[in-house]
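Colleague: I'm new to this one, so could you walk me through it and tell me what stands behind the words you use?

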Amino acid sequence: MRLDKLLESTFHYSRKTIKRLIQTKALTIDGELAKDLSQVVDANVQTILVNGKRVGHDSQVYYMLNKPSGVVSATRDSHHQTVVDLVPNHKKDVYPIGRLDRDTQGLMILTNNGPLGFKLLHPQYHVDKVYEVVVNSRLTDKDCIAFAQGIVFLDGTVCKSAKLTIISAEDNRSVARVTIAEGKFHQVKKMFLSVGKKVIFLKRIMFAGIVLDDRLEVGDYRELYHNEIRLLLSLVERNSHK
Ligand code: URA
């Protein structure tokens, strides 16, 4: 369908209004600015946003939030703001897939697709998560080896092999990237504690192949693009045949 026909039928916009939306850069298709009224689009396959509101989407919604520190990964909380409070249009429906600690920042996916969230968190699916980490002392190759071999917590819990990449290392501050395929409670912090380091900053930058959009300010969210939704759904479908 032509873009102008879609917007006329969905929002009853005039051609003049649609032209203005294009000129004022309020209209995007899969993250790219719309250029032409006659552009052929498919709202079932592409993510078409008018001032951030999706056109013609089905009943399932998927959001990417850049979670700020201080906000809890829950649907409600009597003391703190929740990640759901930050996605106001769907306050009642959506819930976060997985948890980040209150002081952890970064990528949080929210959806009202219950089975998807359940499956992605199930150990059977062990999806990769990537974190940026700052710790309070010098990381070394020895730490990378320990992560690769599988960290053992003080209580004897054994973690799966994880990838630690050191970005910078100084005596009282190191920056690194860590990839894990599990979701144990406080996992990253405890892994570093096991090698004698304290995490002083933690930010998730990837979940199940979805990368945190670096155009999202802390606290902002956007709908997932079609290709990102497809990636999540295909991951679950692929693994259910294992
Ligand atoms: N690991 C942690 O320790 N905290 C998080 O929030 C996520 C992973």
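**Ligand, pocket and a serine**

Modeller: Let's start at the ligand: one of its oxygen atoms lies 3.1 Å from a backbone N or O atom of K189. Keep in mind that this is a predicted model, where local features need pLDDT of at least 70, side-chain atom pairs count only at pLDDT 80 or more, and totals for chains, interfaces and linings use all residues. Residues are numbered from 1 along each chain as its sequence is written, and side-chain values use heavy atoms, with hydrogens and water left out.

Colleague: What makes the K189 pair a polar contact?

Modeller: A polar contact is a pair of N or O atoms within 3.5 Å; within protein, one must be able to donate a hydrogen and the other to accept it, and residues adjacent in sequence count only if both atoms are side-chain atoms. The K189 pair, at 3.1 Å, is therefore a polar contact. A polar side-chain atom of T104 lies 2.8 Å from a ligand oxygen, and a polar backbone atom of H186 is 3.3 Å from one.

Colleague: Which residues are around the ligand?

Modeller: They are L100, D101, T104, Y131, H186, Q187, V188, K189 and L202. To be listed, a residue needs a heavy atom within 4 Å of the molecule.

Colleague: How do you know that S73 is buried?

Modeller: Buried means under 20% relative accessible area (exposed is over 50%, partly exposed in between, with a 1.4 Å probe and protein chains only). S73 has 3% relative accessibility, so S73 counts as buried. Across the chain, 47% of the 242 residues count as buried.

Colleague: What does S73 touch?

Modeller: Leaving out residues up to four places away in sequence, S73 touches K67, V83, P96, G98, R99, L100 and M108. Contact means heavy atoms within 4.5 Å. A polar side-chain atom of S73 also lies 2.9 Å from the backbone oxygen of L100.

Colleague: Which residues lie nearest the centre of the largest pocket?

Modeller: R99, L100, G183, K184 and F185, out of 32 lining residues. The pocket holds about 630 Å³ of space. By class, its lining has 15 nonpolar, 8 polar and 9 charged residues.

Colleague: And why is L100 worth a second look?

Modeller: L100 turns up in each part of our chat: L100 is among the residues around the ligand, S73 touches L100, and L100 is one of the residues nearest the centre of the largest pocket.

How values were computed. 1 Å grid on protein atoms, 1.4 Å probe; cavity = no way out; pocket = protein on both sides within 12 Å on 5 of 7 lines; lining within 4 Å. Points joined across faces, edges and corners; volume = space filled by probe spheres on them. Nonpolar A, V, L, I, M, F, W, Y, C, P; charged D, E, K, R; others polar.
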